[in-house]
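Here is a set of short questions and answers on one protein model. Please look at the sequence and structure first.

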Amino acid sequence: MTKRILQFGVLLSILSFSFGVSAQEKPRVQDYPRMGFWSNWSIGADFGMNIQINKQNGDVFRSLGLGAHVFVQKKFHPLWNVRLYIGLPRFTSTAKYPADRYGTAGADMMWSIMNAFSYNPDRKVDLFIMAGSGIGYRLSNGANGNWCLYARGGMEFDWYINEHNTLFIDGLVGVDDVCNPKFWFKGSPVTGRCNSYLGIGYMYNFGLTKADKELVACCNSAKNDNCDALQEQVNDLANELTNSKDRERKLESRIEDLEDQLKNAQKPVNDELAKRIEDMKKDQYTYYALPFSVNYATNQKDVTDAEQAKLKAIAKIMKDNSDLKLNVVGFCDATGTNEYNQKLSKERAEKVKDILVNKYGIDSDRLTCEGRGIEETFGTGKNAISRRVSFYRMIE
């Protein structure tokens, strides 16, 4: 059984490494920000098969049984975790295959093989080497139980389904050859017990605290001189606003001139001038689009940390220009029905407005929301640029 577990671990290593080298390489793991104590905690359990090997009176006994563990786990760094566990690696025993039933409690150190090669926070799988020790309690058939020291080691393969849910397979070898220290002085022999365990389990990941999420967002925005780039984009926005005001003043002046001409013109000319004035008034109220758009993945409506920087820039412009009012408009690509896309585009716009109001202190009266579904798209087909929220300046 032990040999099979080791073979299984080697196979997982090869599989996981192939996943790792095929994924896009991310920044060095040393750049990973230090998180607070209450971030990245998980809780989980596993259930599996145990094979126990006992040596008694010169004879070796092997028997199968069932086992399970529950645990809490803390991720301190992409390279290593600490797991605190309590469990019954073997809780079954039969007369035909007599063996010890026992429980354990202890701590494991877990080291990521894949992140040691290259760090990729978007990777869906990981492979860990784990080792730890603790205390155990044995209950032999027909005998009273006794305490012992317990040690185990092995490998674990994790599959990250999403941000909060993980499935895993673990293979472990545990030994409790060291009896209770009180027997050492009585010359008690070492009994030679060994337990191999192969299990499958589930783990729920609580993720980052709110403070640490903000820390990660700040670190991401600060990388690659993003601060300078953001300031440059803010300046571009300010220039765009200035230009749009100039265009408004010219348009208003032209309308006034045409209205003066209309007073003294003949009826056919009046009709033509009236039409031109009406068209120009419509142009006056045409939206002046701002450069920033918040982008989304398919079917998503939450603003990611990476897109938050754009909202921060929009908020700064609105605070610097107290008369600026914006229409927040959501769009979708061609995925899904028209009714679904219309609803999703409106929800995207409303969430962006909620962030600008509640996080950045913008007056809600200066913002309106609108969802246009797939009425206006860029390009053809399922194009990612159509999954966005854009901002349009309203002229009063």
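Q: What distance does helix α6 (residues 308-320) reach from its first C-alpha to its last?
A: This is a predicted model, where local features need pLDDT of at least 70, side-chain atom pairs count only at pLDDT 80 or more, and totals for chains, interfaces and linings use all residues. Residues are numbered from 1 along each chain as its sequence is written, and side-chain values use heavy atoms, with hydrogens and water left out. Helices here are DSSP runs of H or I with at least four residues, strands are runs of E with at least two, and both are numbered from the N terminus. Helix α6 has 13 residues, and 18 Å is expected at 1.5 Å a residue (1.5 Å times one less than the number of residues); the span in the model is close to that, at 19 Å.

Q: Which residues of α6 are buried?
A: Buried means under 20% relative accessible area, exposed means over 50%, and partly exposed lies in between (1.4 Å probe, protein chains only). In α6 the buried residues are Gln308, Leu311, Ala313, Ile314, Ala315, Ile317 and Met318.

Q: Is strand β10 (residues 326-330) largely enclosed or open?
A: Leu326, Val328 and Gly330 point one way from β10, Asn327 and Val329 point the other way, and all are buried. Five of the five residues are therefore buried, and β10 is largely enclosed.

Q: Which strand pairs with β10 in the parallel sense?
A: Two strands pair if DSSP finds at least two bridges between them. Here there are five bridges, and the partner is β11 (residues 367-371). Leu326 stands opposite Leu367 in this partner, β11.

Q: What is the hand of the β-α-β crossover from β10 to β11?
A: The chain leaves β10, runs through helix α7 (residues 338-358) and arrives at β11. With the strands pointing away from the viewer, a clockwise path from the first strand over the helix to the second counts as right-handed. This crossover is right-handed.

Q: Which residue in β12 stands opposite Gly330?
A: Strand β12 (residues 388-393) pairs with β10 in the antiparallel sense, over five bridges. Opposite Gly330 stands Val389.

Q: Which residue meets Arg152 in a salt bridge?
A: A salt bridge is a side-chain nitrogen of Lys or Arg within 4 Å of a carboxyl oxygen of Asp or Glu. Arg152 lies in strand β6 (residues 146-160), and its partner is 44 residues apart from it, in strand β4 (residues 101-112). Arg152 counts as buried at 8% relative accessibility, and the partner does at 1%. The N to O distance is 2.5 Å, and the partner is Asp108.

Q: How far apart are the closest N and O atoms of Glu350 and Lys346?
A: Both residues lie in α7, four residues apart, about one turn of the helix. Residues three or four places apart in an α-helix point the same way, because there are 3.6 residues a turn. Glu350 is partly exposed at 39% relative accessibility, and Lys346 is partly exposed at 32%. Their closest N and O atoms are 3.7 Å apart.

Q: Which strand gives the largest share of the nonpolar patch?
A: Such a patch joins nonpolar side chains (Val, Leu, Ile, Met, Phe, Trp, Tyr) within 5 Å, from residues with over 30% relative accessible area and no salt bridge. This one covers about 780 Å² (Shrake-Rupley method, 1.4 Å probe), and its members include Val72, Trp159 and Tyr204. Val72 sits in strand β2 (residues 59-77), with a relative accessible area of 32%. The largest share is three residues, from β8 (residues 194-207).

How values were computed: Patch = residues over 30% accessible without salt bridge, like charges linked within 9 Å, V, L, I, M, F, W, Y side chains within 5 Å.
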